[in-house]
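Welcome, and please load the structure in your viewer. We will go from stop to stop, selecting a few residues each time and looking at what is there.

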Amino acid sequence: MGRHVENHTCLFFILAFLFCFVSGEYKASVDDDSDDESKAVTRMEAENSLFQYIADPAIYQRLTVPRGEDGAVTVHHALFLNRILDVDVERQVLTVDAWQRWTWPDARLGELLGAANIDKLEVPVDLLWIPDIILYNSAGNPDNVYHVKARVSNDGNVTYLHPAHVQSFCSMPDAFSKNEILSCKLLFGSWVYDSSTLKLSADDHAQLDLFADFDREWALVDTTCAHFELNRYSVAVYTLNLNKK
C-alpha cells in the first residue's frame, strides 16, 4: 500500500513538472510571437512616418539636387543587357532590351532613415529627387523614368533599377560580310544638369549576366564603356560590338 501511494506521488510530481515546463514553453512562444507582432507594428509605424516626412516639402524637397561637398552629385550608371532585339539597317537603328541601374547619394534621406532606425526602405520615385539621365542618341521615346520604387538605405545611397527598351541611332553600311564587326554606341547623360551639378560614373563595360543570345543574325562580341565630359556635360558611352552570323 505504501509503495502504491509512493508511486502515485512520484507520478503526480512528474506530471506537475511537465505541466509547468509545457506552460512555460507555451508562454515563451506566445511572448515571442507578441514581440514579433509588436516589432512589425513598430516598423510599419516608422515606415508610415518616414513616407509622410519624405512627402512633406518642408522636410524633404525632391526638386533640390542632393549636392556633395564639391557642389555636384555623382551618379553611377550601370547597363544590364538582356538581348539584341533588332538591327534595322534601313532605319540605321539598333534596338536592345536592357535594365538600367542608377545609384547616387542623398544625405537627407540617410538622416531620415537613421533617425527612424530603419536600415532600408523602398520609396516611389515620384517622392524622390532622381537624375534626369536620358539616351542622347535615342531613336525612340527618350523618357527613361519608370514609376517604380527606388531602394534607399540608411547610409544615404539611393538605387533605382528599371527596365529600358533602348533604341539608338547607329551608322551602318548597306551590306555586311560575314563576321564583319558593327559598332554601335549608346550615349547616356543628363538632359539639364552639366558636370558642375551632375557627374556620371560607370563601369568599363555593360553587364552581361542576364544576356541571352536569341538573335539569329547578330552575335554580341563584347562591350566597352567610357565616361567623360562632353560639351560641359558628363556622359557615359557604351559601345556594343556585334558581328553578323
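Begin by selecting strand β6, residues 157-169. One face of β6 is covered, and you will find Val158, Tyr160, His162, Ala164, Val166 and Ser168 on it. The uncovered face carries Asn157, Thr159, Leu161, Pro163, His165, Gln167 and Phe169. In a regular strand, side chains alternate between the two faces of the sheet. Keep in mind as you look that this is a predicted model.

**The partners of β6**

Add strand β2, residues 93-105, to your selection. How many bridges pair β2 with β6? There are 13, and the two strands run in the antiparallel sense. To see one such pairing, click on glutamine 100, whose bridge partner in β6 is histidine 162.

Now show strand β5, residues 149-153. β5 is joined to β6 by 2 bridges, again antiparallel. Valine 152 is the residue to pick here, as it stands opposite valine 158 in β6. Follow the chain through the hairpin of β5 and β6, where 3 residues lie between the strands. Glycine 156 in this hairpin takes a positive phi near 95°.

**Threonine 95**

Return to β2 and select threonine 95, which lies in that strand. Is threonine 95 buried or exposed? Buried means under 20% relative accessible area, and threonine 95 has 5%, so it counts as buried. Display its side chain together with that of glutamine 167: the two make a polar contact at 3.5 Å. Leaving out residues up to four places away in sequence, threonine 95 touches Ile84, Leu85, Asp86, His165, Val166 and Gln167.

**Tryptophan 104 and the core**

Next, select tryptophan 104. Which residues have the most contacts inside the largest nonpolar core? They are Trp104, Leu128, Leu182 and Tyr238, in a core of 52 residues. Strand β1, residues 73-88, supplies the largest share of this core, with 6 residues. In soluble globular proteins, nonpolar side chains tend to be buried together.

Show what surrounds tryptophan 104, setting aside neighbours within four places in sequence: its contacts include Pro66, Val73, Thr74 and Val75. Also among them are Trp129, Ile130 and Pro131, as well as Gly156, Asn157, Val158 and Tyr160. Glycine 156 is the hairpin residue with the positive phi that you met earlier, and Val158 and Tyr160 belong to the covered face of β6.

**The disulfide**

Select cysteine 170 and cysteine 184 and show their side chains. They form a disulfide, with their sulfur atoms 2.0 Å apart, and the structure holds 1 disulfide. Cysteine 170 lies in the loop between β6 and β7 while cysteine 184 lies in strand β7, so the link ties together parts that are 14 residues apart in sequence. The angle about the S-S bond is -85°, which makes the link left-handed. Both cysteine 170 and cysteine 184 are buried.

**An open sheet of four strands**

From cysteine 184, widen the view to the sheet that β7 belongs to. It is an open sheet of 4 strands in the order β4-β7-β10-β9, with antiparallel pairing. Which strands stand at the edges? They are β4 (133-135) and β9 (218-230); each has a single partner strand, so one side of each is left without a neighbour in the sheet. From one strand to the next, the twist averages 20°.

Zoom in on β7 (residues 181-190) and β10 (residues 233-244), which are joined by 9 bridges. Here you can click on phenylalanine 188, whose bridge partner in β10 is alanine 236.

**Threonine 223**

Move to β9 and select threonine 223, which lies in this strand. Its relative accessibility is 10%, so threonine 223 counts as buried. A polar atom of its side chain lies 3.0 Å from the backbone nitrogen of alanine 206. Beyond neighbours within four places in sequence, threonine 223 is in contact with Leu81, Asp204, His205, Ala206, Leu208, Thr239 and Leu240.

**Stepping back**

Finally, show the whole chain. It has 2 helices and 10 strands, following the pattern α-β-β-α-β-β-β-β-β-β-β-β along the sequence. Of its 245 residues, 38% are buried. Among contacts between residues at least 6 apart in sequence, 74% join residues at least 24 apart.

Key: Residues numbered from 1 in each chain as written. Predicted model: local features only at pLDDT ≥ 70, side-chain atom pairs only at ≥ 80, totals over all residues. Heavy atoms only, no water. Core = buried A, V, L, I, M, F, W, Y, C linked by side-chain atoms within 4.5 Å. Buried < 20%, exposed > 50% of the residue type's maximum accessible area, 1.4 Å probe, protein only. Contact = heavy atoms within 4.5 Å. Pairing = 2+ DSSP bridges. Axes fitted to C-alpha atoms, helices over the stretch in contact; angles between N-to-C directions. Polar contact = N/O pair within 3.5 Å; in protein donor to acceptor, adjacent residues only side chain to side chain. Disulfide = S-S within 2.5 Å.
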